[in-house]
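I am opening a notebook on a structure that is new to me. I will write down each thing I look up, in the order I look it up.

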Amino acid sequence: MVKGMGIKDELEAEVHLGVQRCKVGKFLDTLDPKDAAELQQAFESQIYPIEAVRRVMLKRGFDGGSTICHRHAHRSCSCVD
Ligand SMILES: [Zn+2]
């Protein structure tokens, strides 16, 4: 639990993230902010194959399929309103 974060804040965050973020987005939220930023950058720049990015995430505990990774990379996931 994040220090200084009350239960109500945690619930708000949970509800908000649960609605707004796809499986990839939620996974990125569990990582070190630096790692998450680098992975997000990899998705957005698409210099690496999405499958390679996904394999790196799998090693860190991600269990989503490639479809959601492609949707996240193309901003057609639930992270974007
Ligand atoms: Zn997403």
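Entry 1, confidence. This is a predicted model, and I looked up confidence before anything else. Helix α1, residues 7–20, has the lowest confidence in the chain, with a mean of 74, while α4 has the highest, at 97. For the whole chain I find a mean pLDDT of 88, and 89% of the residues reach 70 or more. I note as a caution that predicted coordinates should not be read in detail where pLDDT is low.

Entry 2, layout. I asked how many helices and strands the chain has. The chain has 5 helices and 0 strands. Read from the N terminus, the order of elements is α-α-α-α-α. I then looked up burial, and 14% of the 81 residues count as buried. I also looked at contacts between residues at least 6 apart in sequence, and 55% of these join residues at least 24 apart.

Entry 3, length of α3. I checked the helix against its expected span. α3 has 13 residues, which at 1.5 Å a residue should span 18 Å. Its end C-alpha atoms are 18 Å apart, so the two values agree.

Entry 4, the core. Which residues make up the largest nonpolar core? I list 9: V24, F27, L28, L39, F43, V53, M57, F62 and C69. Three helices, α2 (23–30), α3 (33–45) and α4 (50–59), each supply at least two residues of this core. The largest share comes from α2, with 3 residues. For background, nonpolar side chains in soluble globular proteins tend to be buried together.

Entry 5, around V53. I looked up what V53 touches, leaving out residues up to four places away in sequence. The residues are L39, A42, F43, Y48 and C69. Among them, L39, F43 and C69 are also listed in the core.

Entry 6, α2 against α5. I looked up how α2 packs on helix α5, residues 66–73. The angle is about 85 degrees, and the axes are 8 Å apart. An angle from 65 to 115 degrees counts as roughly perpendicular, so α2 is roughly perpendicular to α5. On the α2 side the contact is made by K23, V24 and G25, and on the α5 side by I68, C69 and H72. V24 and C69 I had already written down as core residues.

Entry 7, positive phi. Most residues other than glycine have a negative phi, and I went looking for exceptions. Q46 has a positive phi near 55 degrees and is not a glycine. Q46 comes just after α3, in the loop between α3 and α4. Is Q46 buried or exposed? Q46 is exposed, because 11 other C-beta atoms lie within 10 Å and 12 or fewer counts as exposed.

R75 also goes on the page, with a positive phi of about 55 degrees although it is not a glycine. R75 sits in the segment after α5. R75 counts as exposed, because it has 10 C-beta neighbours inside 10 Å.

Entry 8, one distance. I looked up R75 and E44, which are 31 residues apart in sequence. From C-alpha to C-alpha, R75 and E44 are 8.7 Å apart in space.

Terms used:
Residues numbered from 1 in each chain as written. Predicted model: local features only at pLDDT ≥ 70, side-chain atom pairs only at ≥ 80, totals over all residues. Core = buried A, V, L, I, M, F, W, Y, C linked by C-beta atoms within 7 Å. Buried ≥ 20, exposed ≤ 12 C-beta atoms within 10 Å, placed from the backbone. Helix = DSSP H or I, 4+ residues; strand = E, 2+ residues; numbered from the N terminus. Contact = placed C-beta atoms within 7 Å. Expected span 1.5 Å × (residues − 1). pLDDT = per-residue confidence, 0-100. Axes fitted to C-alpha atoms, helices over the stretch in contact; angles between N-to-C directions. Parallel < 35°, antiparallel > 145°, perpendicular 65-115°, else oblique.
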